[in-house]
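Welcome, and please open your viewer. We will walk through this chain one selection at a time, so keep your selection tool handy.

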Amino acid sequence: MSDQMIEQLRKLASNEMPFGEGEVVFAQGSKVSFIYLVVHGAVRLLRHQSDGAAIVMQRATAGSILAEASLFSDRYHCDAVALLPSKLVSIRKTLLVDQIFGNPELAKMWNAYMAREIQNARRSAEIISLRTVAARLDAWIAWNDGKFPPKGEWKTVAEDMGTSSEALYRELSKRRAVRSKRANPV
């Protein structure tokens, strides 16, 4: 998201709120009154399935909008849960809608942001649709320009890829073993 858009959204913010790890920001089915901007930390949008499993719909980090898809909805479609200690600012939904409709520059930035979010959702769906963990990992690495996550974040990558952390760790171990053999041929 552009710094200009973040600045405009911060001007609309009504409240800054801290959330501890695991704390619920809002619950699925509750009335949409606010859209949130993540100042720091990370928040996951979780949708619970009939079998009890939860699917991560979004992982919003600093500079991301949380619940932007709910701007024109009456109810939240997911639970929002802080993944890490986080700070969010709330923006009253009605105020944001009025600003988007009344400010062509903000509307343009909002539309560009939403287009990027749709592209990201499609990439995620593509990655999750791949059959093997190896193929998913290759696609994830390509999507992230070959950059690996910070230490301790592989579990989050596994969630993003729609696989277990154990399956991802096995694939990473296989790749390390292959690299080691290439570097140290017998």
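Start by selecting Arg 44: this residue counts as buried because its relative accessibility is 17%, where buried means under 20% relative accessible area, exposed over 50% and partly exposed in between (1.4 Å probe, protein chains only). Before moving on, note that this is a predicted model, in which local features need pLDDT of at least 70 and side-chain atom pairs count only at pLDDT 80 or more, while totals for chains, interfaces and linings use all residues. Residues are numbered from 1 along each chain as its sequence is written, and side-chain values use heavy atoms, with hydrogens and water left out.

**Stop 1: the partner of Arg 44**

Keep Arg 44 selected and add Glu 159. The two form a salt bridge, with their closest N and O atoms 2.6 Å apart; the term stands for a side-chain nitrogen of Lys or Arg within 4 Å of a carboxyl oxygen of Asp or Glu. Glu 159 sits in helix H5 (residues 154-161) and Arg 44 in strand E4 (residues 42-48), so this pair ties together parts that are 115 residues apart in sequence. Helices (H or I, at least four residues) and strands (E, at least two) are DSSP runs, numbered from the N terminus. With 28% relative accessibility, Glu 159 counts as partly exposed.

How many salt bridges does the count come to? It comes to seven.

**Stop 2: a salt bridge inside one helix**

Now select helix H6 (residues 165-183), where Arg 175 and Glu 171 are four residues apart, which means they are separated by about one helical turn. Their side chains meet in a salt bridge of 2.8 Å, N to O. Arg 175 is partly exposed at 21%, whereas Glu 171 is buried at 11%.

**Stop 3: the open sheet**

Next, show the strands E1, E8, E3 and E6. In that order they make an open sheet of four strands with antiparallel pairing; two strands pair if DSSP finds at least two bridges between them. In general, strands of a sheet pair through backbone hydrogen bonds. Strand E1 (15-19) and E6 are the edge strands, each pairing on one side only.

Zoom in on E1 and strand E8 (residues 86-92), which pair in the antiparallel sense over five bridges. Which residue in E8 stands opposite Met 17? Select Leu 88 and you have found it.

Staying with these two strands, select Lys 87 and Glu 16, whose side chains meet in a salt bridge (3.4 Å, N to O). This pair links distant parts of the chain, with Lys 87 in strand E8 and Glu 16 in strand E1, 71 residues apart. Lys 87 is partly exposed at 27%, and Glu 16 is partly exposed at 40%. Add Arg 10 to see a network of salt bridges linking Arg 10, Glu 16 and Lys 87.

**Stop 4: the aromatic rings**

Finally, colour the aromatic residues. The structure holds seven aromatic pairs: rings of Phe, Tyr and Trp (its six-membered ring) pair if their centres lie within 6.5 Å, and planes under 30 degrees apart count as stacked, over 60 as edge-to-face and the rest as tilted. Select Phe 34 and Tyr 36: their ring centres are 6.4 Å apart and their planes stand at 45°, so the pair is tilted. Tyr 36 is buried, at 7% relative accessibility. Add Phe 26 and Tyr 76, and you see one aromatic cluster made of Phe 26, Phe 34, Tyr 36 and Tyr 76.
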